[in-house]
Amino acid sequence: MRANETSGREKELTTTCFKADVVSRLRAQQPSVATTARAADLCALLADPLRLRVLWMLRGGVEVCVCDVAHVLEVTVSTASHHLRRLRAAGIVTSRADGKWVHYSLAATTAGALARQALEAASR
């Protein structure tokens, strides 16, 4: 590039055809980088087909034991437990210990609601 030329990105940022008030308002409303990173992590967590099958089981307020999840999905208890732990850490499911058993249910949180909506939309 010659000394007096600008890159495409620089030209894009120096363009005069934008509405300053709109740009200012939209910039002020932008979520933080940390917030969008957490949202992307949540979406990645929900993008796993096995986890979605777990959430499908829990969608009607059903509470299930990790052993039941493993049998329904035809995976090991260790695999089912791993996915349930990840969902619990994200606030999508809750757990309740009952002796040596742990029972899981869909959380009444925004993340849980997002999971329910994704499943409902996919089943249409």
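## Surroundings of L87

In this predicted model, L87 makes contacts with L45, R51, V54, L55, I92 and V93, leaving aside residues up to four places away in sequence. L87 belongs to helix α6, which covers residues 77-89. Because its relative accessibility is 0%, L87 is classed as buried.

One of the contact partners, V54, is 33 residues from L87 along the chain, and the C-alpha atoms of L87 and V54 are 9.4 Å apart.

## The nonpolar core

L87 is also part of the largest nonpolar core, which has 25 residues. The members that touch the most other members are V54, L55, V66, V69, L87, I92 and V93. At least two residues of this core come from each of α3 (33-46), α4 (49-58), β1 (64-65), α5 (66-73), α6, β3 and α7 (110-122). Both helices and strands therefore contribute to this core, with α6 and β3 each supplying at least two of its buried residues.

V69, another of the members with the most core neighbours, contacts V54, M57, V64, A80 and L84 when residues up to four places away in sequence are not counted. V54 thus appears among the contacts of V69 and also among those of L87.

## The three-stranded sheet

The strands form an open sheet of three, in the order β1-β3-β2, with antiparallel pairing. β1 and β2 (93-98) are the edge strands, each pairing on one side only. Strands of a sheet pair through backbone hydrogen bonds, in either a parallel or an antiparallel sense.

Two bridges link β1 and β3 in the antiparallel sense, and V64 stands opposite Y104 of β3. Between β2 and β3, which also run antiparallel, there are six bridges. These two strands form a hairpin with two residues between them, and G99 in the turn has a positive phi of about 70 degrees.

## S105 in strand β3

S105 is located in β3, a strand that spans residues 101-106. T94 has S105 as its bridge partner in β3. Is S105 buried or exposed? With a relative accessibility of 17%, S105 counts as buried, because the cut-off for this class is under 20%.

Apart from residues up to four places away in sequence, S105 touches L58, V62, E63, I92, V93 and T94. The partners I92 and V93 are shared with L87, whose contacts also include both residues. I92 and V93 are themselves among the core residues that touch the most other members.

## Aromatic and charged groups

Across the whole structure, a search finds zero aromatic pairs. An aromatic ring does take part in an arrangement with a charged group: the charged end of R59 sits over the ring of W56, at 3.8 Å from its centre.

## The chain as a whole

The protein chain contains seven helices and three strands. Along the sequence, these elements follow the pattern α-α-α-α-β-α-α-β-β-α.

Of the 124 residues in the protein chain, 26% are buried. The chain exposes about 8,700 Å², of which carbon and sulfur atoms supply 55%. Among contacts in the protein chain with a separation of 6 or more, 46% involve residues 24 or more positions apart. The contact between L87 and V54 joins residues that are 33 positions apart along the chain.

Definitions and conventions. Residues numbered from 1 in each chain as written. Predicted model: local features only at pLDDT ≥ 70, side-chain atom pairs only at ≥ 80, totals over all residues. Heavy atoms only, no water. Helix = DSSP H or I, 4+ residues; strand = E, 2+ residues; numbered from the N terminus. Buried < 20%, exposed > 50% of the residue type's maximum accessible area, 1.4 Å probe, protein only. Contact = heavy atoms within 4.5 Å. Core = buried A, V, L, I, M, F, W, Y, C linked by side-chain atoms within 4.5 Å. Areas by Shrake-Rupley, 256 points an atom, 1.4 Å probe, with all protein chains shown as cover. Phe/Tyr/Trp six-rings, centres within 6.5 Å; stacked < 30°, edge-to-face > 60°. Lys NZ or Arg CZ within 6 Å of the ring centre and 35° of its normal. Pairing = 2+ DSSP bridges.
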